[in-house]
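Welcome, and please load the model in your viewer. We will go from the whole chain to a few side chains, one selection at a time.

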Amino acid sequence: MASYQDYLLHLADNALILGQRNAEWCGHGPILEEDLALANNSLDLIGQARLLYQHVATVRKDGKSSEDLLAYFRDVQDFKNYTLLELPHRNAALPTSTGDRDYAITIGRNFLYSALMVQAWAALAASTDAQLAAIASKSLKEVQYHLRHAHDWVLRLGDGTDESHRRMQAAFDYLLPFTQEFWTASAMETAAVKTGAGIDVTAFKAEWDAVVSATLQAATLKVSASTGFITTGKHGVHSEHLGFVLAEMQSLARAHPEAVW
């Protein structure tokens, strides 16, 4: 049975996993400014996750839950993030990209997710859950910057060189089918909407489509089909990639579970 905690964990896990992925560019950015920009992006997302995990711990009222427990001591099937956010920084559909870091994948993913969350956080700022509304108001300011940053890079890469255009188009061709998960309702979301604490994300699809289409058109890119298999990360059924993300992220905490940081 879905609970409100599941809904909060979904929001928190989204932020944590994308924050962890973007942090992988630290020291590997294509230019110094982008190295710092993505590090700051990651800090924003992990900060959002911390606030949400703290809220979950308060809602649970079990005296044991904490942000560290929720981030570092849950397993793959317990995470409720969108599958899109756990993908590596390469186009897995192209064998030639194996082992590569493709900045177009990172930028494309950040753009697609931020375009959703600008609307989501704005709506959640009116949540009947006062604590979630406060988190949403803070997060909205951050994700507006994330969207602007990703949007500018989509334009720069899409309408840049032949190579950057090719990579950016290939990134969207690969990523767009994963966004179908945004628009498929889950029990936890439906339950949260009924209480007034959560929001119906599907209500944002038309505006999200318009933002994506306008940006890709300006970047001389085409909006490829977003059809096919619908991923189920928010239901706890993930790709093979999440386990590797968690193994790296959780290893230190699990090796020293009694440590105080």
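Start with the whole protein chain: buried residues make up 52% of its 261 residues, where buried means under 20% relative accessible area, exposed over 50% and partly exposed in between (1.4 Å probe, protein chains only). Before you zoom in, note that this is a predicted model, in which local features need pLDDT of at least 70 and side-chain atom pairs count only at pLDDT 80 or more, while totals for chains, interfaces and linings use all residues. Residues are numbered from 1 along each chain as its sequence is written, and side-chain values use heavy atoms, with hydrogens and water left out.

**The overall fold**

Switch to a cartoon view. The protein chain has nine helices and zero strands; helices (H or I, at least four residues) and strands (E, at least two) are DSSP runs, numbered from the N terminus. The radius of gyration is 18 Å, close to the 18 Å that the globule rule gives for 261 residues, so the chain is as compact as a globular protein of that length. That radius is taken over C-alpha atoms, and the rule is 2.2 Å times the number of residues to the power 0.38. Along the principal axes, the C-alpha atoms fill a box of roughly 55 × 40 × 35 Å.

Now consider contacts, meaning heavy atoms within 4.5 Å. Of those with a separation of 6 or more, 81% are between residues 24 or more positions apart.

**Aromatic pairs**

Next, show the rings of Phe, Tyr and Trp (its six-membered ring): two of them pair if their centres lie within 6.5 Å, and planes under 30 degrees apart count as stacked, over 60 as edge-to-face and the rest as tilted. The structure holds nine aromatic pairs. Select Tyr103 and Trp153: their ring centres are 5.8 Å apart and their planes stand at 85°, so the pair is edge-to-face. This pair links distant parts of the chain, with Tyr103 in helix α4 (residues 103-124) and Trp153 in helix α5 (residues 130-158), 50 residues apart. Both Tyr103 and Trp153 are buried.

Move on to Trp183 and Trp208, another edge-to-face pair, at 5.2 Å centre to centre and 65° between the planes. Trp183 lies in the loop between α6 (162-175) and α7 (187-195) and Trp208 in helix α8 (residues 205-218), so the pair ties together parts 25 residues apart in sequence. Add Tyr82 and Phe182 to the selection, and you have a cluster linked by ring pairs with Trp183 and Trp208.

**Charges over rings**

Which ring does the charged end of Arg156 sit over? Select Trp153 again: the Arg156 end is 4.3 Å from its ring centre. The criterion is NZ of Lys or CZ of Arg within 6 Å of the ring centre and within 35 degrees of the ring normal. Arg74 lies over the face of Phe79, 4.2 Å from the ring centre.

**Two buried polar residues**

Go to Asn110 in helix α4, which is buried with a relative accessible area of 3%. A polar contact of 3.2 Å joins its side chain to that of Asn22; such a contact is a pair of N or O atoms within 3.5 Å, where within protein one must be able to donate a hydrogen and the other to accept it, and residues adjacent in sequence count only if both atoms are side-chain atoms.

Finish at Glu189 in helix α7, buried at 7% relative accessibility. The side chains of Glu189 and Ser186 share a polar contact of 2.7 Å. Not counting residues up to four places away in sequence, Glu189 touches Tyr7, His10, Tyr82, Thr184, Val201 and Lys234.
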